Amino acid sequence: MKPIFNENLLISLKTKIFVKKQVMNNLNVYLEKFKNKKTLVILDEYLKNNQKKRTYINKSLKFIKNKKIIINSFYEPTFLDLEKIIKSIKGTKFELIIGIGGGSTIDVAKGLSVSINYKKNIRNLQGIDKFNHDSIPVVAIPSIFGSGAEITPSAVFINEKTKIKGGINSEKVQPKYAFLDPYLAKSKNLRQHATCAFDALVHSLESYESNISNNFTKSFALNGSIKVISGLKLLNKNELEALTLIAEGSIYSIISLMHSEQSLAGAASYPLAAYYGYNHALCGANFIDKSLKFFNIKNKKYLNDVIYKLYDLGIIKNRNIKSLIDELKMIKNEYMIENIMLKKSDITFLANQIIKMPMIKHTPIKINKNDILQFLNYV
Ligand SMILES: [Fe+2]
């Protein structure tokens, strides 16, 4: 929930959050009260095919006696995909849903929590607070960190008829528990981890200076950016420690974002995903440095507190925004994160879309279309 009347402090959190290496070994303790509940487990296909991870997951869920495990192979799921899953479980009354995997699997778990028992067209659920019925409690266990989907009140689906990609937005889809286990997330694909971490960095760096930020969001955004950048720098040296930092940092970052707002990089990623099919996190990785440069030109004090702290901790080499931008560029080169190249006509089209995004109202300075063109044209 974002501030509405300039409250000095407003905190709204529903999810109990746990971050720890091998935290899944203790699920029997944290989720003790659910041990006899009829449980639906949605498991990412990628995890199903990894024997070591599958064994680890099976062991950690052994305490739940009455459970059905289904595999999610849908990436960027549609409502039709969700209907197929609902059909496959044939009206069973579940009392708990556990989603384990990437963003799409977490979205499916959150979506099922309100659609399994919904008798009408589930496409009606898309939008803000479109229903009143109770949801099934959700436990989210992400296998990659950055988006914060494991704690947000939104489950994203594509309406295959209208082509609209949008959330079922309601506190009712917000998970009750989130377990971030760096041991589960370990993978050979460090590039994917690095890209997703940039999503978190957009959440923290941009929400820090939003015009609705406050001391609470700033302290979380600051912690988020420190942890995420530290994790990114450590990723190819000590993956487990690095993922722990990124997991923690992504939680700080999303909590800041949920109570404040992102700006240009965050806004750009929505039309780039909707009209050009680019991955949300990849957009963040491509546009965060342009956003930093843009706001720094407009206001030399932009993000000073964060930059000074990063410098004091030895995370960046110099006490200026250029040093932060250079550090981020180095990380992107190291992990070969691809560059999004825009044509002139795309830039004009995108600027027209970005200016309409709701977060543009909350940027640190007032933004017009020319500003957005300037931001998109940076190299
Ligand atoms: Fe994001």
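Me: Which residues of α10 meet which residues of α14?
Reply: Ala267, Ala268 and Pro271 of α10 meet Leu350, Gln353 and Ile354 of α14. Meeting here is contact: C-beta atoms, placed from the backbone, lie within 7 Å. This is a predicted model, where local features need pLDDT of at least 70, side-chain atom pairs count only at pLDDT 80 or more, and totals for chains, interfaces and linings use all residues. Numbering runs from 1 along each chain as its sequence is written.

Me: What classes of residue make up the contact of α10 with α14?
Reply: Five are nonpolar, one is polar and none is charged. Nonpolar covers Ala, Val, Leu, Ile, Met, Phe, Trp, Tyr, Cys and Pro; charged covers Asp, Glu, Lys and Arg; the others, Gly among them, are polar.

Me: How do the axes of α10 and α14 cross, and at what angle?
Reply: The axes of α10 (residues 264-276) and α14 (residues 344-354) come within 9 Å and cross at roughly 115°. Axes are lines fitted to C-alpha atoms, for helices over the stretch in contact, with angles from 0 to 180 degrees between N-to-C directions. α10 passes α14 in a right-handed crossing. Right-handed means the near helix is turned clockwise from the far one by less than a right angle; left-handed means anticlockwise.

Me: Why is α8 called roughly parallel or roughly antiparallel to α9?
Reply: Look at the angle. The axes of α8 (residues 215-234) and α9 (residues 239-258) come within 7 Å and cross at roughly 155°. So α8 is roughly antiparallel to α9. The cut-offs: under 35 degrees is roughly parallel, over 145 roughly antiparallel, 65 to 115 roughly perpendicular, and the rest oblique. α8 passes α9 in a left-handed crossing.

Me: What residues make the contact of α8 with α9?
Reply: Phe220, Val228 and Leu234 are among those of α8; Leu243, Ile246 and Tyr252 are among those of α9. The whole contact divides into ten nonpolar, nine polar and three charged residues.

Me: How do you know whether the radius of gyration agrees with a compact globule?
Reply: Set value against rule. The rule is 2.2 Å times the number of residues to the power 0.38, and the radius is taken over C-alpha atoms. With 379 residues it gives a value near 21 Å; the protein has 20 Å, so the two agree. The C-alpha trace spans about 60 × 45 × 40 Å along its principal axes.

Me: What domains is the protein divided into?
Reply: Domain 1 (16-184) and domain 2 (189-376). Those bounds come from an automatic or database domain assignment. Their centres, over C-alpha atoms, are 27 Å apart. The contact takes 14 residues from domain 1 and 20 residues from domain 2.

Notes: Helices (H or I, at least four residues) and strands (E, at least two) are DSSP runs, numbered from the N terminus. Two residues are in contact if their C-beta atoms, placed from the backbone, lie within 7 Å.
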